[in-house]
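Hi everyone, thanks for coming. I'd like to walk you through a structure that is new to most of us, so please have a look at it first.

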Amino acid sequence: MKPYLSVIIPAYNEEINLKRGVLDSVYEYLREKDFSWEVFILDDGSSDGTIEFVTEFAKKHKNFFLKKEPHRGKGGTLIAGADYANGEYVLFADMDQSTPMDQFDKFIPKLNEGYDVAIGSRSGRPGQPLIRKIMAYGFVVLRTIILRLPFRDTQCGFKVYKSEVAKEIFKRTQIYKKGNVSKMGSVTAGFDIEVLFIARKLGLKIVEIPVEWYEYGQRKAVNPISDSIEGLRGILMIRLNALKGKYRV
C-alpha cells in the first residue's frame, strides 16, 4: 500500500549529528502518527561512520532505509531521494533537525487544501551568526530583483511536495542534472532557488509556512565572499537559462 509520507534525509559525514539522536527524534514523531510513512537516509558518499550508524539504526527501526549514493552534493542527493519516494507526499528534511520533524503538523492542513508545494520559512533564526543573517538578507534582495521570486526563505531544508510534482520539477532542473558531480555541494543554493522557479513556471500551488529553526550540529564554515559569489552565480544562471527558454512548459 502506498504510504502517505516519504521522508528524505540527505547525509554527508553526519556521525556527530547521528550520535546526538536526531533519527530517534524523527522516529518518535512518526511512530505516533495515524498515517503511513517511510524514511530514506540518502548517504552522499560519507567517509566517517555515517553509513555504519544508519545501517544499525535501520535494522532496529521499521520503515527506515539507507540508500548509498556517490558524492555529488545535496542537490543530486535530493533528486535521487525523490526517485526512491513511494509516498503521496515527500518531505525533505536536514539531518541536524534544525527544523524539527514535528513542524510537519503545520503542513498537513495546507496539503489537505490542495497545495502542491509547501516550504518552511525560518523566523528570526535564533543562534545564527550575524554574518549568515546579513548574507541571507542580501540573498533575498537579489533573488527578488533578478528572479521575481516572492518567497522570504528559499533555503530552508524543510520542504514538502506532492511526489509526482517533485519528480516533474526535478527532471526539468538545469543547474544540477543527474550524473553531475559536485565536490562540495555549493550548488545547493542555486538548486533550491531553481526548484521553486520551475514550480512557479509550472503554475503549481505553493505556500510558505513559518517553522521553528534552531542552530544545531555541524555547519559548513561561511566564507562571505566566495559563498556570496556562488549564490549570485546560481541566480544569474537561472535567469540565463530562463532567457534561453530552457524552463518552457
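**A walk from the core to the surface**

Let's begin on the inside. The largest nonpolar core has 36 residues, and Leu 5, Leu 23, Leu 30, Val 39, Ile 41 and Phe 104 are the ones with the most contacts inside it. Two or more residues of this core come from each of S1, H2, S2, H3, S3, strand S4 (89-92), helix H5 (108-112) and strand S7 (206-211). The element that gives the most is H2, with five residues. There is also another core, lying apart from this one, of 34 residues, including Ile 119, Val 195, Leu 196 and Ile 198.

Before I go on, please keep in mind that this is a predicted model.

Now a few words on the whole protein. It has nine helices and seven strands. Of its 249 residues, 50% are buried. The accessible surface comes to about 11,900 Å², and carbon and sulfur atoms account for 54% of that. If we take contacts between residues at least 6 apart in sequence, 86% of them join residues at least 24 apart.

Back to the core, and to Ile 41 in particular. Which residues does Ile 41 touch, if we leave out those up to four places away in sequence? They are Ile 9, Ala 11, Leu 23, Val 54, Phe 64, Phe 65, Leu 66, Lys 67 and Met 95.

Next, helix H2, which runs over residues 22-31. Which residues of H2 are buried? Val 22, Leu 23, Val 26, Tyr 29 and Leu 30 are. Seen down the helix axis, these buried residues fall within an arc of 125°, so they line one face of H2. And what do they pack against? Their partners are strand S1 (5-11), helix H1 (15-19), strand S2 (37-44), helix H3 (50-60) and strand S3 (64-69).

H2 also has charged residues for us to look at. In general, side chains of opposite charge can pair when their charged atoms come close. In H2, the side chains of Glu 28 and Arg 31 meet in a salt bridge, with 3.3 Å from N to O. Glu 28 and Arg 31 are three residues apart in the helix, so about one helical turn separates them. As a reminder, an α-helix has 3.6 residues a turn, so residues three or four places apart point the same way. Glu 28 is partly exposed, at 41% relative accessible area, and Arg 31 is partly exposed too, at 43%. Glu 28 and Arg 31 are also linked with Glu 32 in a network of salt bridges.

How many salt bridges does a search of the whole structure find? The search finds 12. Let me show you two others. Asp 105 forms a salt bridge with Lys 33, and their closest N and O atoms are 3.0 Å apart. This pair links distant parts of the chain: Asp 105 is in the loop between S4 and H5, Lys 33 is in the loop between H2 and S2, and 72 residues lie from one to the other in sequence. Asp 105 is partly exposed, at 36% relative accessible area, and Lys 33 is partly exposed at 25%. The other pair is Arg 172 and Glu 168, whose side chains meet at 2.7 Å, N to O. Arg 172 is partly exposed, with a relative accessible area of 25%, and Glu 168 also counts as partly exposed, at 25%.

Let's move on to helix H9, residues 224-243, where we find Leu 232. Together with Leu 142 and Leu 236, Leu 232 forms a nonpolar patch on the surface, with about 210 Å² of accessible area in total. Leu 232 counts as partly exposed, at 31% relative accessibility. Gly 231 is in H9 as well. Is Gly 231 buried or exposed? Gly 231 is buried, with a relative accessible area of 5%. Gly 231 and Ile 193 are 38 residues apart in sequence, and their C-alpha atoms are 9.7 Å apart in space.

Finally, two spots in the backbone. Gln 97 is not a glycine, yet it has a positive phi of about 55°. Gln 97 sits in the loop between S4 and H5 and is buried, at 6% relative accessible area. Arg 148 is not a glycine either, and its phi is positive at about 60°. Arg 148 lies in the loop between helix H6 (130-147) and strand S6 (159-162), and it counts as exposed, at 56% relative accessibility.

That's my tour. Thanks for listening!

Key
Residues numbered from 1 in each chain as written. Predicted model: local features only at pLDDT ≥ 70, side-chain atom pairs only at ≥ 80, totals over all residues. Heavy atoms only, no water. Buried < 20%, exposed > 50% of the residue type's maximum accessible area, 1.4 Å probe, protein only. Helix = DSSP H or I, 4+ residues; strand = E, 2+ residues; numbered from the N terminus. Arc of directions from axis to C-beta. Contact = heavy atoms within 4.5 Å. Core = buried A, V, L, I, M, F, W, Y, C linked by side-chain atoms within 4.5 Å. Patch = residues over 30% accessible without salt bridge, like charges linked within 9 Å, V, L, I, M, F, W, Y side chains within 5 Å. Areas by Shrake-Rupley, 256 points an atom, 1.4 Å probe, with all protein chains shown as cover. Salt bridge = Lys/Arg side-chain N within 4 Å of Asp/Glu carboxyl O.
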